[in-house]
There are 2 protein chains.
Amino acid sequence: MSNTEYELPNISVDVVPVTVNLDTNQLEVLVGRRIFEPYLGEYALPGVLLTPHERLVEAATRALETKTLVKADDIVAVYDLGTFDNPDRDPRGATVSIAKIAVIAPHAVVEDERVKRITLDAVANGDEQLPFDHNTIVQAAATLFGEKFLSSKTFTKSVLGEQFTTKIVRGLLTQMGRITTDSDHTYDASNLTRQLKGTGWVDVVDEADSYGTSSAVYATTSAAYDIASQISAALTTATSTGRGRPSRTWTWK
Amino acid sequence: MSNTEYELPNISVDVVPVTVNLDTNQLEVLVGRRIFEPYLGEYALPGVLLTPHERLVEAATRALETKTLVKADDIVAVYDLGTFDNPDRDPRGATVSIAKIAVIAPHAVVEDERVKRITLDAVANGDEQLPFDHNTIVQAAATLFGEKFLSSKTFTKSVLGEQFTTKIVRGLLTQMGRITTDSDHTYDASNLTRQLKGTGWVDVVDEADSYGTSSAVYATTSAAYDIASQISAALTTATSTGRGRPSRTWTWK
DNA sequence: TCAAAAGTGTTTCCTATACACCCATGT
DNA sequence: ACATGGGTGTATAGGAAACACTTTTGA
């Protein structure tokens, strides 16, 4: 029932679209150039006004599609991030924001002058200033990411996809400051493989083949989402472009 | 800016009012008897429709005051709980619920035929059935409680108040299933005192006096909220009504 | 003085971290 | 071959759980 008898509040659904950059092994946030006032032309988180009878994930999808050119199929997962109700957050007037974090499939990100990727760090450092209270929202996303990554299986799986390398995990942990780069350029991350095994969540892909022969061939997994094979291709590239020993590839049990 | 040009969604703010029962050492939820349809006469979580320009905590306060007779001063803290947007959650039509968990000062709870206290367990077990999707919301609250209790200092402090006994902590942990009662009726919670010390958050109140002389006199703490002294009185009662050795009282550093 | 409840001393186990070393690749 | 990045073996420290025992109360 849509109610016009009473005054109703404006509710926006704002999304933090996160995606793993497979070249840099960093977590990035997608922002779209605004085509309306206020902040016309600036990059901001995708967000839309919630309409009646619309579910939150639907609104989030609509925001991602219209503001950051992400196709619905490339949205891997959507999680709750919280609510933001500072009355000054929008110059147009009080609008309560329901924030979501959406994991976007890595290969699916459109590079365009309308859509930009920024690293989580850039926002955390304040190097990148976003309009509205979007810096606050991204920071909340970063916090949630730190809490869930490698502690919630479903969350981690949605971020890493069906297959992933140790290298990517290392990159993300380094980004989060959870792994320190030693004085002598040696990574102090020697236990990562052990930790991954310790979770009991994952299996090594093709242990025999991945050494000696070629790092290009990986086992085909039961793809939960058909993005997997494409990611796999990207992975192969990313993996083979190193100097030292190539890192392991993992699948989910 | 109140907007009547577009159709706007209905947003409700629903609150899970939790409070520590100092007699049973259990966490309880306050529910109020509904005075409107639907579910007239049934006990439900307090909730109101969000009005424009109203902040979420204000709406939560309004809900607590009107539906469960809690005075604003007795609301110790309000935390985010999440959003619930199942379209069937309200028979009147789609309403998105923004849920909050509110910690209510123990002494402040009004016992009335309009307001009832139920234990968290009763809801979790399904012994207590609430209207709408309130069982789901309470369960989310229980989960959040389990995550934050004894791991977030501010959260824990808001729940336990300025002063508290080991006994209460034990009660809550037992309720959550985090402490098991041994086969021989002996509590397997021998490390509780150690754990509390280990947090570094708290100090023992009046170690010397609390033995030998009388368990009635406690140090006056710098009361963050003036409820403290009243709680203290209640505590004294609760503490002195046991058989064995009285439990310690703690204050926050 | 006995039962009940709370707290302490101490052991044991497990896991996180660290350090030293070995393996697989590109140039 | 050697520098670079990745992984394993093994030692060590710290914290959680367990168990036996002591302390403080009410009846």
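Me: What makes the meeting of Asp85(A) and Arg55(B) a salt bridge?

Reply: In this predicted model, the side chains of Asp85(A) and Arg55(B) come to 2.8 Å, N to O. A salt bridge asks for a side-chain nitrogen of Lys or Arg within 4 Å of a carboxyl oxygen of Asp or Glu, so the pair qualifies. The count between chain B and chain A is two salt bridges. As for ground rules, local features need pLDDT of at least 70 and side-chain atom pairs 80 or more, while totals for chains, interfaces and linings use all residues. Side-chain values use heavy atoms, without hydrogens and water, residues are numbered from 1 along each chain as written, and chains are lettered from A and ligands numbered from 1 in the order written.

Me: How do you know how much surface chain B and chain A bury between them?

Reply: Buried area is the accessible area (1.4 Å probe) that two parts lose on being put together, summed over both. Here that comes to about 2600 Å², with carbon and sulfur atoms giving 56%. Leu8(B), Pro9(B) and Arg55(B) supply 21% of what chain B buries against chain A, more than any other three residues. In terms of contact (heavy atoms within 4.5 Å), 28 residues of chain B touch 28 residues of chain A.

Me: Why is the relation between chain B and chain A called a two-fold axis?

Reply: Two copies of a chain are related by a rotation about an axis and a shift along it. Chain B is superposed on chain A by a rotation of 180 degrees with 0.0 Å of shift along the axis, at RMSD 0.0 Å, and that is the relation of a two-fold axis. The fit is by least squares on the C-alpha atoms of residues with pLDDT of at least 70 in both copies. The same surface serves both copies, as 100% of the contact residues of chain B recur in chain A.

Me: Why is Glu28(A) called buried?

Reply: Buried means under 20% relative accessible area, exposed over 50%, and partly exposed in between (1.4 Å probe, protein chains only). Glu28(A) has 7%, so the label buried fits. Beyond neighbours within four places in sequence, Glu28(A) is in contact with residues including Pro17(A), Arg117(A) and Leu120(A).

Me: What makes helix α5 of chain A mostly covered?

Reply: Seven of the 10 residues in α5 (residues 166–175) are buried. Among them are Ile168(A), Val169(A), Leu172(A) and Leu173(A). Helices here are DSSP runs (H or I, at least four residues), numbered from the N terminus. Just after α5(A), Gly177(A) takes a positive phi of about 80 degrees.

Key. Helix = DSSP H or I, 4+ residues; strand = E, 2+ residues; numbered from the N terminus.
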